[in-house]
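Please open the model in your viewer and keep the selection panel at hand. The tour below moves from the whole chain to single residues, and at each stop it says what to select and what is found there.

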Amino acid sequence: MRSQQPLSRSHTLLFSLSPEYGQCGVGAYCLGGCDPLYSHSLTSCVAAPVCKSSDYKLTSLSDVTPNTQYLGDSSKANWVSSGTPVVYQDNSLLLTMAPNTVGTLLSSTHYVWYGKISATMTTSQGAGVVTAFIMMSDVKDEIDFEFVGVDLEHVQSNYYFQGITDYGNGQNLPVSNTVQNVHTYTLDWQPDYITWSIDGQVMRTKKRSETWNATAQQYHFPQTPARIMLSLWPAGLPTNGQGTIDWAGGLVDWNSPYMQNGYFYAMVKDVNVQCYDPPAGYNNSGSKSYVYNSRA
């Protein structure tokens with residue numbers, strides 16, 4: 001398991017122009033990922049578009065907008081990209097990672113506030129190469145499937161509450177070759193529990209009741225609207241922390257035989273989203289966006 005830095009923190013080094021990882025530029029770079037807890041007020045951030053149930057067949061880039069162009073209107077695109085996604089055989093997208101790049105990140109424009117989310121995909125491979133399918137909220141609640149490129153027979157399941165580093169949350173799940181075999185990975189995120197499933201088989205369950213933190217007097221359980229993120233990134237960069245490099249299996253070999261056409265790649269065919277109703281008692285101020293009304 002990872003010995004240093006959860007995905008949300010290690011990505012700070014990689015997608016530094018994306019506000020969800022700690023920095024913000026200007027214009028489009030500030031859309032999505034603004035943290036209301038560290039903003040001037042809870043209403044300072046751009047609104048978070050509500051969940052949209054759909055089966056997204058990722059067969060072209062027509063529904064993907066580069067993060068340099070996305071201006072916050074979720075009716076114009078369902079996905080935002082950084083890096084270079086590539087259409088593959090007109091039936092899937094490749095997340096690519098070429099030398100001197102930080103890979104590719106694909107993020108949903110709509111947020112999920114509890115739901116069942118599935119990604120049908122393959123992963124990349126090689127030392128230092130990490131593929132990920134995660135949920136990430138603006139206050140750094142996080143639910144993960146992570147694939148380390150030196151272990152093709154396991155996927156790491158994990159969760160975090162508001163970015164708090166807790167290395168006891170992870171658990172390895174067995175799976176057959178993640179590069180050669182297409183699998184469907186599913187997160188069933190309920191107000192009271194999370195399940196991680198592979199090809200329809202539940203592999204892990206975490207109950208909210210098991211996450212009580214007596215010191216903080218709160219449940220350390222992901223519970224805020226989150227975006228879907230799929231990524232391929234170089235954890236094994238010399239500039240990363242040694243713990244991250246060790247977790248990723250070593251430094252990236254940019255002359256690796258696992259590269260094709262000059263890049264590492266992971267393939268995503270389909271993302272299915274089934275939205276659940278917001279929690280009981282939620283006072284929605286409208287039908288288009290989720291609004292924070294307290295720091296709790």
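A residue is called buried when its relative accessible area is under 20%, exposed when it is over 50%, and partly exposed in between, with a 1.4 Å probe and protein chains only. By that measure, buried residues make up 53% of the 296 residues in the chain. This is a predicted model, in which local features need pLDDT of at least 70 and side-chain atom pairs count only at pLDDT 80 or more, while totals for chains, interfaces and linings use all residues. Residues are numbered from 1 along each chain as its sequence is written, and side-chain values use heavy atoms, with hydrogens and water left out.

**The whole chain**

Begin with a cartoon view, where the chain shows 2 helices and 20 strands; helices (H or I, at least four residues) and strands (E, at least two) are DSSP runs, numbered from the N terminus. Switch next to a surface view: the chain exposes about 12,900 Å², and carbon and sulfur atoms supply 49% of that area, as computed by the Shrake-Rupley method with a 1.4 Å probe, where for residues only the protein chains shown count as cover. A contact means heavy atoms within 4.5 Å, and among contacts in the chain between residues at least 6 apart in sequence, 67% join residues at least 24 apart.

**The nonpolar cores**

Select Trp79, Phe133, Phe145, Ile228, Leu230 and Val271, which touch the most other members among the 46 residues of the largest nonpolar core. Such a core is a set of buried Ala, Val, Leu, Ile, Met, Phe, Trp, Tyr and Cys residues joined through side-chain atoms within 4.5 Å. A second, separate core of 11 residues includes Leu105, Met136, Trp247 and Ala248. Return to Phe145 and show its surroundings: leaving aside residues up to four places away in sequence, its contacts include Phe133, Val155, Leu173, Tyr185 and Trp196.

**The largest pocket**

Now select Trp113, Gln223, Thr224, Tyr292 and Ala296, which lie nearest the centre of the largest pocket among the 26 residues that line it. On a 1 Å grid over the protein atoms alone, a pocket is an open set of points with protein on both sides within 12 Å along at least five of seven lines, whereas a cavity is a set of points where a 1.4 Å probe fits but cannot get out; lining residues have an atom within 4 Å of a point. About 520 Å³ of space lies in this pocket, where grid points are joined across faces, edges and corners and the volume is the space filled by probe spheres set on the points. Colour the lining by class, and 16 nonpolar, 8 polar and 2 charged residues appear; Ala, Val, Leu, Ile, Met, Phe, Trp, Tyr, Cys and Pro count as nonpolar, Asp, Glu, Lys and Arg as charged, and the others, Gly among them, as polar.

**The second largest cavity**

How many cavities of 30 Å³ or more are counted? The count comes to 2, and the second largest has a volume of about 70 Å³. To find this cavity, select some of its lining residues, among them Cys51, Lys52, Trp79, His110 and Val273. Strand β7 (residues 104–112) gives the most to the lining, with 4 residues.

**Single residues in loops and a strand**

Select Leu37, in the loop between α1 (7–10) and β1 (48–49). Is Leu37 buried or exposed? Leu37 counts as buried because its relative accessible area is 17%. Beyond residues up to four places away in sequence, Leu37 touches Val139, Gln162 and Arg295. Measure from Leu37 to Ala296, and the C-alpha atoms are 9.6 Å apart in space, although the two residues are 259 apart in sequence.

Follow the contact to Gln162, in the loop between β11 (154–160) and β12 (171–174). Gln162 has a positive phi of about 50 degrees although it is not a glycine, and this residue counts as partly exposed because its relative accessibility is 31%. Gln89, in the loop between β5 (85–88) and β6 (92–97), also has a positive phi of about 50 degrees without being a glycine, and at 56% relative accessibility Gln89 counts as exposed.

End at Ser231 in strand β18 (residues 226–234), which is buried, with a relative accessible area of 3%. The C-alpha atoms of Ser231 and Thr96 are 9.0 Å apart in space, with their positions 135 residues apart in sequence.
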